[in-house]
Amino acid sequence: TMALKDSVTEAIADLRVGFPGAEVHVVEDGQGGAHVTLDPVALDGNVFVQEETWVGFHLCHLLPNADVYPIHVRPDLTRRDGTELKENAVNPGNNFQGRASMMLSRRSNRRDAEVDTPVLKVLRVLDWLTNRWPQP
């Protein structure tokens, strides 16, 4: 097995700063990358029944030249307005590191390795889930 790549170690450090209220749990993948779980991450209580979720994803050894995709969240996430969280990009019935999850498929096709950090990716996906989904 390989040690974590420097870029992955840096991304984990950035995640600790970017999500100061969350425990950052890291499981090395043996290829220089890691499976990361942030727990808890605050949610908008006006939008969701739950006030927090865990967020899980894989940091590929190719960082910063790799997307953080897909992102997993708690499987029971529920919107207050009753809108079902189910569409092409929202996939219930998955699991991440042995934990039941809802998988969010939000690929960043035009990502910029200089700008698009794992912290920003997680924040963007949560913003999409909270504010831009479902599309009117």
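Two strands count as paired if DSSP finds at least two bridges between them. The views below all come from a predicted model.

**View 1. Strands β1 and β2 pair as a hairpin.**
The pairing of β1 with β2 is antiparallel and runs over six bridges. Two facing positions are worth finding. V26 stands opposite V36 in β2. V27 stands opposite H35, also in β2. Five residues lie between the two strands. G30 sits in this turn, with a positive phi of about 85°.

**View 2. Six strands make an open sheet.**
Follow the strands across in the order β1-β2-β3-β4-β6-β5. The pairing is antiparallel. β1 and β5 stand at the edges. Each has a single partner strand, so one side of each is left without a neighbour in the sheet. Neighbouring strands are turned by 30° against each other on average, with direction ignored.

**View 3. Strands β5 and β6 form a hairpin with two residues between them.**
β5 covers residues 90–96 and β6 covers residues 99–104. They pair in the antiparallel sense over five bridges. N94 has S101 in β6 as its bridge partner. Now look at the turn. Q97 lies in the loop between β5 and β6. Its phi is near 50°, a positive value in a residue other than glycine. Is Q97 buried, partly exposed or exposed? Its relative accessibility is 44%, so Q97 counts as partly exposed. That value lies between the limits of 20% for buried and 50% for exposed.

**View 4. Helix α1 turns one face inward, with its buried residues on that side.**
Helix α1 runs over residues 6–18. At 1.5 Å a residue, its 13 residues should span 18 Å. The end C-alpha atoms are 18 Å apart, which agrees. Which residues of α1 are buried? They are S7, V8, A11, I12 and L15. Seen down the helix axis, these buried residues fall within an arc of 140°, so they line one face of α1. The face turned away from the buried side carries the exposed residues D6, E10 and V17. What covers the buried residues includes three strands, β1 (23–28), β2 (34–42) and β3 (52–59). Helix α2 (118–132) is also part of that cover.

**View 5. The largest nonpolar core holds 33 residues.**
Start with V36, L38, V55, F57 and L59, which touch the most other members. Several elements give two or more residues to this core: α1, β2, β3, β4 (71–73), β6 and α2. The largest share, six residues, comes from α2. L38 is a good place to zoom in. Leaving aside its neighbours within four places in sequence, L38 is in contact with L15, F19, A22, E23, V24, T53, W54, V55, F57 and V122.

**View 6. Helix α2 lies across five strands.**
The strands are β2, β3, β4, β5 and β6. The helix runs at about 135° to β3. Two of its residues deserve a closer look. The first topic is K121, which is placed in α2. K121 has a relative accessible area of 4%, so K121 is buried. How far apart are K121 and I71 in space, C-alpha to C-alpha? The distance is 9.2 Å, although the two are 50 residues apart in sequence. T130 lies in α2 as well. At 13% relative accessibility, T130 counts as buried, because buried means under 20%. Leaving aside neighbours within four places in sequence, T130 is in contact with D44, V47, F48 and R79.

**View 7. Peptide bonds before P40 and P64 are cis.**
A cis peptide bond joins D39 and P40, with omega about 0°. P40 lies in strand β2. The bond from L63 to P64 is also cis, with omega near 5°. P64 is placed in the loop between β3 and β4.

Key
Residues are numbered from 1 along each chain as its sequence is written. This is a predicted model: local features need pLDDT of at least 70, side-chain atom pairs count only at pLDDT 80 or more; totals for chains, interfaces and linings use all residues. Side-chain values use heavy atoms; hydrogens and water are left out. Helices (H or I, at least four residues) and strands (E, at least two) are DSSP runs, numbered from the N terminus. The expected span of a helix is 1.5 Å times one less than its number of residues. Buried means under 20% relative accessible area, exposed over 50%, partly exposed in between (1.4 Å probe, protein chains only). The arc is that of the directions from the helix axis to the C-beta atoms. Contact means heavy atoms within 4.5 Å. A nonpolar core is a set of buried Ala, Val, Leu, Ile, Met, Phe, Trp, Tyr and Cys residues joined through side-chain atoms within 4.5 Å. Axes are lines fitted to C-alpha atoms, for helices over the stretch in contact, and angles run from 0 to 180 degrees between N-to-C directions.
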